[in-house]
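Here are my notes on the model you sent. Please read them with the structure open.

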Amino acid sequence: MSTQDTILVTGGMGFIGSNFILTWIKANGAAVLNPTSVVNLDRLTYAGNPANLAALEGNPRYSFTRGDICDAELVASLLREHRPRAIVHFAAESHVDRSITSPEEFIRTNVHGTFVLLEQARAYWNGLSPADKENFRFLHVSTDEVYGTLGPHDPAFSETTPYAPNSPYAASKAGSDHLARAYFHTFHIPVLTTNCSNNYGPYQFPEKLIPLMILNALEGKPLPVYGDGKNVRDWLFVEDHCAAIRAVLERGRPGETYNIGGSSEKANIDVVHTICSLVDEMRPEPGSAPRTRLITYVQDRPGHDRRYAIDATKITRELGWQPAEKFETGLRKTVQWYLENSAWIDSVRTGAYREWIAKNYAERLVL
Ligand code: NAD
Ligand code: TYD
């Protein structure tokens, strides 16, 4: 039996996965004669939110299965039933602070879960025709954090930078990257890996820096900046990341890794200042009190990586991808989105969310 024009997405109810599915359906929307379907496998952890894809309910090109990537039988049955031409693997535990508090789930999902997926993909791929084998893709979505940390004058991470993960999250992603690499090298499954810098945009769970700061600024709560606020991240608008993944899926060379970044390095404190200005402008407070008054320096994250920066030369040169959105315009769109989507915000701030916020910030001394 041949493959179908279907992709299996894991973790599609999360921040990047849901943006990927929405933009995939839109990008392929015009292809009425040859529409690609999406099957979304997601366990719906605290980070997975069905509201992200409410717009696709009833869409014949989309189906959702609630389940765990560590469940080999379930993965095998989805592959048997849907016969996808690609797997796009986003599912992960993704928050560094949570990996410091409770690392075990990171090893289970990120390392073991990726192993289960690769094993099931291998069994499925072995049964395909030679042409389908050649066309099949396993795209493993990873992070720049596997490369460790940079000094202020170090060159940005390239695909040949040695791995040096520092947090349990980064170590678990590094482990999964090594497994993905080994499955290409040993079994010749057409695996591709992408290592991307920090994303921001709609549907990001408000435990991460940008949405947390937007919501706290809106609600007049303290803006907790770790350490001296001078840690640097290279920010990329999520839709640009999704476009890069589509390019790698369509034109990337199996066995290769591609670094994806926004060429947009910012110190955290500068990001927080920009968010304050945008919120002041879009939702002025009575008396125009500036939101910067809420900035509170708190105890640093243990092992906090100082700087990340991505050299995206390879994906630009080989696949013609580059980011479309500038940080300033992307951040403006993001603040606007959070202002307009209070029902979504309420839906993610469950009891479990409130418990996390209480735990993470209660334990941090104000500096
Ligand atoms: P997220 O935490 O928002 O979403 C993760 C999704 O995976 C959730 O929907 C969750 O329910 C699901 N999931 C978790 N464990 C699962 C399991 N065992 N089985 C099935 N589903 C499970 O994460 P995100 O920010 O969307 O990140 C997606 C991927 O991109 C991750 O692999 C992450 O490492 C990588 N990445 C993220 C960033 C970033 O800035 N957010 C940057 C680079 C790479
Ligand atoms: P985060 O969004 O957790 O992403 P990552 O750790 O994967 O880079 O954090 C981005 C940066 O913001 C990081 O340097 C830690 C910092 N940070 C704060 O200063 N305060 C906060 O409350 C959070 C969540 C993060």
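1. Start at I315. Leaving aside residues up to four places away in sequence, I315 touches A244, V248, Y258, N259, I260, G320 and W321. Bear in mind that this is a predicted model.

2. I315 belongs to the largest nonpolar core, which has 80 residues. Together with F20, I21, V88 and I210, I315 is among the residues that touch the most other members. Helix α9, residues 268–282, gives the most to this core: eight residues.

3. There is also a second core, separate from that one. It has 22 residues, including V39, V75, L117 and Y183. As background, nonpolar side chains in soluble globular proteins tend to be buried together.

4. Now the overall build. The protein contains 13 helices and 13 strands. Its radius of gyration is 20 Å, and the globule rule gives 21 Å for 367 residues, so the protein is as compact as a globular protein of that length. The C-alpha trace spans about 70 × 45 × 40 Å along its principal axes.

5. How much of the protein is buried? Of the 367 residues, 55% are buried. As for contacts between residues at least 6 apart in sequence, 83% join residues at least 24 apart.

6. Last, the surface and the charges. About 15600 Å² is exposed, and 53% of it comes from carbon and sulfur atoms. The protein carries 37 positive and 42 negative side chains. The centres of these two sets lie 1 Å apart.

Technical notes. Residues are numbered from 1 along each chain as its sequence is written. Chains are lettered from A and ligands numbered from 1 in the order in which they are written. Side-chain values use heavy atoms; hydrogens and water are left out. Helices (H or I, at least four residues) and strands (E, at least two) are DSSP runs, numbered from the N terminus. The radius of gyration is taken over C-alpha atoms; the globule rule is 2.2 Å times the number of residues to the power 0.38. Buried means under 20% relative accessible area, exposed over 50%, partly exposed in between (1.4 Å probe, protein chains only). Contact means heavy atoms within 4.5 Å. Accessible areas come from the Shrake-Rupley method with a 1.4 Å probe; for residues, only the protein chains shown count as cover. Lys and Arg count as positive and Asp and Glu as negative; His and the chain ends are not counted. The place of a charge is taken as NZ of Lys, CZ of Arg, CG of Asp or CD of Glu. A nonpolar core is a set of buried Ala, Val, Leu, Ile, Met, Phe, Trp, Tyr and Cys residues joined through side-chain atoms within 4.5 Å.
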